[in-house]
Amino acid sequence: MMNILRISFLVLIFGFVSNSAYAELDCPIQSDGYNITNYGAKGDGEFLNTKSIQKAIDACASKGGGKVIIPAGVFKSGTIILKSNVELHFEHNSVLLSSINVADFPLQPMPKYRSHKDQLGGFNALIYAEGQENIALTGSGTIDGQGPLHTPMPNPYAGDIDGRPRNILLISCKNIKVDGLRMLNASI
């Protein structure tokens, strides 16, 4: 009986240490998260939420990381840039809806890592990150790129193919998790 108690105690301690180590190595999660509506986002499908979502991501990253929450609603956005130790979590019935205005997708600088598909300029995407680590896109929401509604960029050599934004573009990132999301209508 005493051996069973000792083994149970050791298993409990090991589990605690393992969970603590995981939390320190990966992404420290704030229990309540950073809800984008607290930063001015509106889920009406019309309001451009790029700045509000980016403010939530920046606030989260400045505190060491955590969870940025996209609640139920339709949140139209241009390019948002993910940062290390940030989880972008989509709650049930949430939609990140791509703007179709080319001006909402500024070209990101040409990355250090390049591929044979690269053209002469940078890239654009709805969700973008370069050289970040411990990032995640999770939940049961939807990313809708509205691909058929995008028109090619005026300078097609500024990005790849015709310059329309990708839904997600993560370049030279480490420890990435994408789980449970539904993706629709990519431009490329």
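# Close-up views of the model

**Figure 1. Glutamate 87 meets strand β9, where its bridge partner is alanine 136.** This is a predicted model, in which local features need pLDDT of at least 70 and side-chain atom pairs count only at pLDDT 80 or more, while totals for chains, interfaces and linings use all residues. Residues are numbered from 1 along each chain as its sequence is written, and side-chain values use heavy atoms, with hydrogens and water left out. Strand β9 covers residues 133-139 (strands, E and at least two residues, and helices, H or I and at least four, are DSSP runs numbered from the N terminus). Four bridges link β6 to β9 in the parallel sense (strands pair if DSSP finds at least two bridges between them). Strand β9 also pairs with β12, again in the parallel sense, over five bridges. There, threonine 138 faces aspartate 179 of β12. Six of the seven residues of β9 are buried, so the strand is largely enclosed by the rest of the structure. Here buried means under 20% relative accessible area, exposed over 50%, and partly exposed in between, using a 1.4 Å probe and protein chains only.

**Figure 2. Strand β4 has a covered face and an uncovered one.** Follow residues 73-77 and you will find Gly73, Phe75 and Ser77 on the covered face, with Val74 and Lys76 on the uncovered face. Strand β2 (residues 44-48) runs parallel to β4 and is joined to it by two bridges. One place to look is leucine 48, whose bridge partner in β4 is lysine 76. Strand β7 (residues 94-98) pairs with β4 too, in the parallel sense and over five bridges. In that pairing, phenylalanine 75 stands opposite leucine 96 of β7.

**Figure 3. Strands β5, β8 and β11 form an open sheet.** The order is β5-β8-β11, and the pairing is parallel. At the edges are β5 (80-81) and β11 (166-171), each of which pairs on one side only. Strand β8 (residues 125-130) and β11 run parallel and are joined by five bridges. Across from alanine 125 you can spot arginine 166 in β11.

**Figure 4. Helix α2 spans residues 50-62.** Its 13 residues reach 18 Å from first C-alpha to last, close to the 18 Å expected at 1.5 Å a residue (that is, 1.5 Å times one less than the number of residues). The buried residues of α2 are Thr50, Ser52, Ile53, Gln54, Ala56, Ile57, Ala59 and Cys60. After the helix comes glycine 64, which has a positive phi near 100°.

**Figure 5. Two loop residues other than glycine have a positive phi.** Asparagine 85 has a phi of about 70° and lies in the loop between β5 and β6 (86-90). Serine 172 has a phi near 50° and belongs to the loop between β11 and β12 (174-179). With 47% relative accessibility, serine 172 counts as partly exposed.

**Figure 6. The charged end of lysine 42 sits over the ring of phenylalanine 47.** It is 4.7 Å from the ring centre (the criterion is NZ of Lys or CZ of Arg within 6 Å of the centre and within 35 degrees of the ring normal).

**Figure 7. Leucine 184 belongs to strand β13 (residues 182-184).** At a relative accessible area of 29%, leucine 184 is partly exposed. Leucine 184 and isoleucine 143 are 41 residues apart in sequence, yet their C-alpha atoms are 6.2 Å apart in space. Beyond neighbours within four places in sequence, leucine 184 is in contact (heavy atoms within 4.5 Å) with Thr142, Ile143, Asp144, Gly145, Gln146 and Asn167.

**Figure 8. The protein chain holds two helices and 13 strands.** Of its 188 residues, 44% count as buried. Among the chain's contacts with a separation of 6 or more, 69% are between residues 24 or more positions apart. The mean pLDDT (the predictor's confidence in each residue, from 0 to 100) is 81, and 70% of the residues reach 70 or more. Take care with residues 2-30, where the pLDDT is below 50; this stretch has 18 contacts in the model beyond near neighbours in sequence.
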